[in-house]
Amino acid sequence: MKKFKNIFIYILLLLSILLLPSCTVNKNPNSYRDPSTFYEFAAEIFYLVLSGDELSSNYLFEDPAAFGLERYEPVLPTPSTGNIIGTSLINLYFQPLYYYKYEELSFDQQMTYLVIDNLITKINDTNGMGYLSADYLGSYLGYQAQLPILLVEYTLKDEIDVNNYLKYLEQVPDTFKAYVDFEIEKADNGYGMPNFVIDKVIDQCDSFINEVNNVMNTHFMIEMFNSKIDNCSFLDDAKKEEYKIKNEELVKGALCDGYAYVRNNLGVVYDKATNNMGLAHYVTPEGVEIGKQYYAAIFKDATGYDMPLDEAITYLQGKLDSKLLEYRNIYANNPNVLEEVNGIQLMDCSPEEQLAFYEEIIYNYFPRLDLEVMPETTIRYVDESLEDHFSPAAYMVSAVDNYTSEFIYLNNKSIHTVDSLGNKVLDYNYLYTTLAHEGFPGHMYQNIYFKNTDANLLRKVLKNSGYMEGWATYTELYSYNFVSNLYSSDALRFLRLNDEVNGLIQTRLDMGIHWEGWTKEEAESYLGQYIASYNKESTSYVPGAIDKVYEQLVEVPTNSQKYFFTYLKLEDMYNFAVENSTEFDPVEFHKIILDCGPVPLRYIEEIIKEHYSK
């Protein structure tokens, strides 16, 4: 997912799991289990995670039955701050993890152990913070913003899937009403949604309804469904037509009714927010800084690092300062670098052709995908009605057992720019890094690589998002190496540093707002040190420019950490490996990270340091 925005299909899997209660687990038992039984335990966790979740099963597996999963009644996620699985089940299913000695397990078992341990830690760390952690409505990461694409990507493998899809549409009005009711409950308990988020959600719902009812166009949810139904060989023509009619009725009926309910009723929580700033400003009546506690917990989960937040701030600021110094030194030593950078065009072809280019060149730096047949990649474009509330781009994580097809969505509004003549043209430089992030060697490559390994199934299901976004950001910036024969090292380094500095400023702002409690004015003051448009003493100052930045960071705490704090840590690992190698091989380095799979990065750092310290 690109540049602080993401639509993450995989989050569906965890929507229910994150509501599990906390319990105290004994990590130092008196006796230990034989490692040969570990995979049986991992299988129990797998079924606990997925049993009953028809929506996640559909996305994660082409053939759920092959993995021992049954067909379940389709149910959309609904809000809750209560316990859905009792403490006894936590003890039953999670406690046995600590009956295994980590050092006696195989590498694959150790990585699986870390994945399960990370899930337990996340559950315990956020226990009792349901009003802070349960966000179902939001400007672009809200469920209502993602649902149309989630439904469009729902796989129709048999007639049960077709009927389940229609049932999901039928559930939208009640589900969205539950979301609004939950926002009312949150507001009544001091955790109301800020007005600027309410406005954006209402605007998104209104845009969606208007697009569905636009008589000039057939809505994409109708077109896509019709296309998929036409390819359902298990249906005769009469059934296909019946389902097409039913889908159109539900899209224009139940689905729009759900969006209309949010649009018409979310306003009741307007002006009820007790906090329109960062998490640091949430304090209980007893004086407990619950917002800071929550931020510390989600920072650990987002980055994969368990470290004091003040130490993390010092680390981030130090990195930002050093990259700014390098940035300025390049310009001081080569004043013509800006002219060269302005003349750079990193690509001049279609997205499909660019991905084909990446697919060939990356093997100079990354392990080869040793596949008999490469999956076919399809580029899709976000419907116009979703452009204002969708990521610039998104890789749709393919099913674990799908080896034939991959999909990337691009947002036309994000990948185009206006030239000097006022014409709308593709922003090729932005598209270059975006495709590297989403495709090769980013998300798509990492997913294809890992699901073709013999890693335990649970490792392919429970994925740490910080690893995944960190990898995609790291490879996005690494992609400047692929055109090193076309442009000078100064120019390419200048471009990369520009991306790094912008990302790090946002990441530092996130910590300032949510950990240190910066107001909008304080955030603007910090930005003004680096960017003239935010500096009130500058002639370039733009009043109100801070609003959009501040509001986005307030709404989605730690989102930028998943991209850039993790990127910095991967860059640190790379530099460590280079410094400790007589003949550094980037393929070997990247293979170690890829083989570890999506576990928290602090564990991968240990493995990298051990490997390159020999």
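How many aromatic pairs does the structure hold? The structure, a predicted model, holds 49 aromatic pairs. The exercises below take up two of these pairs, then the core, the cysteines and the charges over rings.

**Exercise 1. Classify the pair formed by Tyr98 and Tyr113, and place both residues.**

Step 1. The ring centres of Tyr98 and Tyr113 are 6.2 Å apart. Pairing needs centres within 6.5 Å, so the two rings pair.
Step 2. The planes stand at 90°. Angles over 60 degrees count as edge-to-face, and that is the class of this pair.
Step 3. Tyr98 sits in the loop between α4 (87–93) and α5 (107–125). Tyr113 belongs to helix α5 itself. The two are 15 residues apart, and their pair links distant parts of the chain.
Step 4. Are these residues buried or exposed? Tyr98 has 2% relative accessibility. Tyr113 has 11%. The limit for buried is under 20%, so Tyr98 is buried, and so is Tyr113.

**Exercise 2. Classify the pair formed by Tyr165 and Phe225, and say which parts of the sequence it ties together.**

Step 1. Centre to centre, Tyr165 and Phe225 are 5.1 Å apart, with 20° between the planes.
Step 2. Planes under 30 degrees apart count as stacked. The pair is therefore stacked.
Step 3. Tyr165 lies in helix α8 (residues 159–188), whereas Phe225 lies in helix α10 (residues 220–230). The pair therefore ties together parts 60 residues apart in sequence.
Step 4. Both partners are buried: Tyr165 at 2% relative accessibility, Phe225 at 1%.

**Exercise 3. Find the residues that touch the most other members of the largest nonpolar core, and list the contacts of one of them.**

Step 1. The largest nonpolar core has 190 residues. Met221 and Tyr445 touch the most other members.
Step 2. Take Tyr445. Set aside its neighbours within four places in sequence. Its contacts are then Ile362, Tyr363, Phe366, Pro367, Leu369, Gly439, Phe440, Trp471 and Leu594.

**Exercise 4. Count the disulfides, then decide whether Cys232 and Cys596 are buried or exposed.**

Step 1. A disulfide needs two cysteine sulfur atoms within 2.5 Å. The count is zero.
Step 2. Cys232 has 2% relative accessibility, so this cysteine counts as buried.
Step 3. Cys596 is buried too, with a relative accessible area of 1%.

**Exercise 5. Which rings have Lys292 and Lys451 over their faces?**

Step 1. Lys292 lies over the face of Trp515, 4.4 Å from the ring centre.
Step 2. Lys451 lies over the face of Tyr403, 5.8 Å from the ring centre.
Step 3. Check the distance cut-off, which is within 6 Å of the ring centre. Lys292 meets it at 4.4 Å, and Lys451 at 5.8 Å.

Note on methods. Residues numbered from 1 in each chain as written. Predicted model: local features only at pLDDT ≥ 70, side-chain atom pairs only at ≥ 80, totals over all residues. Heavy atoms only, no water. Core = buried A, V, L, I, M, F, W, Y, C linked by side-chain atoms within 4.5 Å. Buried < 20%, exposed > 50% of the residue type's maximum accessible area, 1.4 Å probe, protein only. Contact = heavy atoms within 4.5 Å. Phe/Tyr/Trp six-rings, centres within 6.5 Å; stacked < 30°, edge-to-face > 60°. Helix = DSSP H or I, 4+ residues; strand = E, 2+ residues; numbered from the N terminus. Lys NZ or Arg CZ within 6 Å of the ring centre and 35° of its normal.
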